[in-house]
Amino acid sequence: MRRFRFRASVILPVLALVLAAAGGVVAGTQSSDERSLQPVRQGADRGVERRVNDLLSKMTLQEKLEQIQLLPDFMVTEDEVRRGLGSVLSVTDPARIRELQRIAVEESRLKIPILFAFDTIHGFRTIFPIPLGAGASFDPRVAFDDHRYGARESAVVGLKQTYAPMVDVSHEPRWGRIAEAAGEDPYLNSVLGAARVKAIQGADYSARDKLVASPKHLVAYGQPESGRDYNTTDMSTQRLRNLYLPPFKAAIDAGADTAMCSFNAINGVPGCGNDETMNGILKGEWGFDGFVESDWTAVAELRACPPRNPDTGPCGHGVAADGPDAAALALNAGVDSEMTSTLIRDFGARLLAQGRISMRRIDDAVRRILRVKFRAGLFEHPYAPVAPERAEAEMLKPDAVAAARRAAGRSMVLLQNAGGVLPLDPARKTAVIGPLADDQHDMLGPWWGAGRDADAVSVLDGIRQQSPGATYAQGCKLSNAEPPTTDPEGCGSDAGFAEAVATARAADQVVLALGETREMSGEAAARSTLDLPGRQEELLRAIRATGKPVAVVLFNGRPLALENVVDDAPAILEAWFPGVQAGPAVADVVFGKVNPGGKLPVSFPRRLGQVPIYYNHEPTGRPCDPEQKYVSRHRDIPSCSPLFEFGHGLSYTTFEVSDLRLSAATVSRNGSLRASVTVTNTGRRRGDEVVQLYLHDPVASISQPVRRLRGFERVALDPGASRAVTFTLDKSDFGFYDNRGRFVVEPGRIDVYAGDSSSATMTRSFTVR
Ligand code: BGC
């Protein structure tokens with residue numbers, strides 16, 4: 001059986017199995033989730049198209065321009081709604097949503113309902129682990145559950161669109177938004193992105209617990225120069241097509257009916273003024289018939305900034321001279337809905353009269369928006385499925401909270417465990433120490449949706465539930481303040497270290513909660529170092545000097561450079577930002593109720609200077625060798641590798657992946673073959689292993705990455721048990737895009753690697769004829 005392929009035809013049966021295993025499919029009936037597992041590009045439903053055209057024929061030009069407008073709640077006036085405003089974002093109060101919708105459907109001339117949108121990125125109220133953490137689960141069901149419950153809670157307040165999934169592949173750990181997607185690999189992002197779309201939309205997003213998904217940010221937003229958010233990107237066609245576009249394609253194939261264009265420029269052309277990516281690839285090549293919304297003021301940002309007066313609103317890219325120019329560029333390049341800035345609405349009539357935009361294109365944009373509104377069932381059900389006063393009762397329901405706890409546990413990665421420090425014994429006296437030990441706020445991560453700090457269970461409380469009487473000391477305090485401040489990261493004083501050391505001394509074992517605040521990740525949160533902020537490394541050394549067994553638990557939204565940490569921390573558990581159930585999930589893993597099985601979805605460098613360092617890099621003519629001079633190395637780093645590689649993660653048991661076999665020695669370009677391995681639990685505990693399959697094309701017309709992930713499966717095994725895992729490979733795996741944007745399948749040898757991380761050594765080869 002093919003495992004976790006991102007094409008709809010292949011991932012869907014897998015998800016069906018996943019759901020069946022979870023009890024999500026009831027025999028004889030079809031839940032909306034189950035129906036979502038059928039390949040359902042909704043395509044041109046003639047009924048919908050007729051209704052769209054009918055409505056369009058009644059609209060004035062001004063009403064069309066109002067439909068194109070998407071405004072944040074704080075900019076919306078009731079009069080605006082009466083004039084026919086298209087969409088509203090960032091509103092979560094169910095009473096407010098209901099009232100605005102009432103005005104739209106009762107008091108506007110054509111009674112077109114508003115589409116309400118929100119960033120439900122890793123949960124609405126029940127906050128799940130950050131998407132980078134979900135990436136570490138290597139489990140599509142974790143991503144699926146996140147958005148199944150996220151969609152359900154969002155729908156309850158009257159939302160019908162979510163700006164998710166974020167599927168920006170990134171090799172840039174300084175960038176704060178690396179937290180929001182599944183890391184450095186296009187395949188992993190594709191599989192999890194498709195699972196998220198399926199969960200958000202179901203088979204039919206008119207279902208009352210479903211929303212329309214909006215993969216973002218088209219495209220290559222994950223590669224800003226120097227890691228500064230919004231910064232420019234320059235890249236080859238082959239990289240764009242091989243690394244950055246595949247997760248978008250997977251999300252669209254999974255049925256996503258809206259998409260968001262990006263802030264960044266690619267080769268000088270901003271995402272929201274980019275004819276090639278929006279019109280050419282998304283709408284042309286991929287046949288996308290939904291709508292594209294701009295990112296926040298991204299249309300206005302196309303403008304050049306005036307030389308002397310910088311206060312005329314968003315501007316900067318300089319691909320448009322002024323507002324009208326930006327509006328024409330964005331609309332003509334494929335933006336259908338303008339977020340926050342109002343240039344298309346303001347200047348549309350003038351631009352039309354001047355012949356700079358066409359009525360055909362305005363109609364196309366409006367048609368796309370109305371099509372989504374009809375498919376969403378908004379005309380039949382403009383209001384939320386429950387009354388506003390009943391919405392609160394639908395939040396944080398036990399099934400959602402249990403799924404969040406499970407997801408958090410499955411996302412954790414055991415980076416090292418020298419001497420088997422973990423799991424700890426809950427019966428022994430536990431000290432919980434560190435700036436993130438008694439913390440609810442940061443546990444929710446950088447996109448906390450409608451989450452509330454009070455909903456989160458701290459590590460201290462979670463540990464105390466399983467190890468009663470656990471003691472606590474903070475050690476030092478991280479800062480949640482926005483720079484510029486004198487101490488932007490916090491933890492700058494060792495005043496609390498003595499108390500922390502005394503607390504450790506009085507206990508049998510220590511859980512040390514270190515990392516970043518949630519403000520250090522997410523949008524506009526680039527860091528220029530990847531170290532543990534403040535004096536946390538010193539705190540670790542002070543605690544370590546007590547001689548007590550210490551397990552470091554890390555909370556962070558990006559790969560950290562842990563070179564100065566690894567020797568002082570025998571056990572390191574990477575917990576990311578785990579969400580509302582942080583404490584219980586950490587306790588589950590620390591005390592061994594849950595055996596960690598996550599794997600890194602990004603490489604962890606030794607130090608910042610290695611960045612970008614990623615497993616799927618191209619080779620060079622002077623491969624890195626720390627012993628040689630004229631090779632591709634850093635002279636001051638005695639290693640070529642990251643500290644922890646992509647796909648790395650340990651367990652409380654041990655596994656062996658063996659016996660790699662291929663079903664054929666040769667394959668035709670359009671043919672397929674199977675690769676199979678056996679995975680065995682060779683230790684003494686039940687646990688999970690993620691079997692990983694990588695390909696390398698050693699001789700190609702353009703130099704191919706040294707490895708590319710093309711299959712994975714997370715397998716749970718009892719001690720001594722074995723399982724065969726089989727992956728099917730075809731041209732989508734051994735072909736690639738060239739620099740003219742063509743997908744090519746070249747004859748020759750392909751090397752297959754299988755194992756438990758990206759440094760797997762077991763290999764076989766086959767030949768493409
Ligand atoms: C972000 C988007 C987000 C939008 C609306 C922007 O600043 O880049 O990811 O969807 O705001 O909140």
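Start by selecting residues 61–68, which form helix α4, together with residues 343–353, which form helix α14: these two helices pack at an angle of about 140°, and their axes are 9 Å apart. Angles over 145 degrees would count as roughly antiparallel, so α4 is described as oblique to α14. Turn the view until one helix lies in front of the other, and you can follow the handedness too: α4 passes α14 in a right-handed crossing. Keep in mind throughout the tour that you are looking at a predicted model.

**Two more helix pairs**

The same two numbers will help at the next stops, because two packed helices are described by the angle between their axes and the distance between the axes.

Select residues 46–58 for helix α3 and residues 359–375 for helix α15. Here the packing angle is about 130°, with the axes 9 Å apart. This pair is therefore oblique as well, and the crossing of α3 and α15 is right-handed.

Now go to helix α8, residues 140–156, and helix α17, residues 398–411. How do these two helices run relative to each other, and at what angle do they cross? Their axes come within 10 Å and cross at roughly 150°, which makes α8 roughly antiparallel to α17. The crossing of α8 and α17 is left-handed.

**The ligand and its surroundings**

Next, select the ligand and show the side chains around it. You should find L89, D119, Y163, R177, K216, H217, M260, F263, D295, W296 and E523 surrounding the ligand. If you colour this shell by residue type, it divides into 5 nonpolar, 1 polar and 5 charged residues.

Which side chains place a polar atom 2.7 Å from an oxygen atom of the ligand? Click on R177 for one of them: a polar atom of its side chain lies 2.7 Å from a ligand oxygen. Then click on H217, where a polar side-chain atom is also 2.7 Å from an oxygen atom of the ligand. Finish with D295, whose side chain has an N or O atom 2.6 Å from an oxygen of the ligand. Switch on a surface to see how covered the ligand is: taken alone it exposes 310 Å², and the protein buries 93% of that.

**Two cis peptide bonds**

Zoom in on the backbone between A164 and P165. The peptide bond joining them is cis, with omega near 0°. To place P165 in the fold, look in the loop between β4 (161–162) and α9 (186–201).

A second example waits at V611 and P612, where the peptide bond is cis and omega is again near 0°. You will find P612 in the loop between α21 (582–590) and β17 (655–662).

**Two positive phi angles**

Last, look at two backbone angles. Where does A524 sit? Search the loop between β14 (509–515) and α20 (536–544). A524 is not a glycine, yet its phi is positive, at about 55°.

End the tour at D659, in strand β17. Its phi is near 60°, again a positive value in a residue other than glycine.

Definitions and conventions:
Residues numbered from 1 in each chain as written. Predicted model: local features only at pLDDT ≥ 70, side-chain atom pairs only at ≥ 80, totals over all residues. Heavy atoms only, no water. Near = heavy atom within 4 Å. Polar contact = N/O pair within 3.5 Å; in protein donor to acceptor, adjacent residues only side chain to side chain. Areas by Shrake-Rupley, 256 points an atom, 1.4 Å probe, with all protein chains shown as cover. Nonpolar A, V, L, I, M, F, W, Y, C, P; charged D, E, K, R; others polar. Axes fitted to C-alpha atoms, helices over the stretch in contact; angles between N-to-C directions. Helix = DSSP H or I, 4+ residues; strand = E, 2+ residues; numbered from the N terminus. Parallel < 35°, antiparallel > 145°, perpendicular 65-115°, else oblique. Left-handed = near helix turned anticlockwise from the far one by under 90°.
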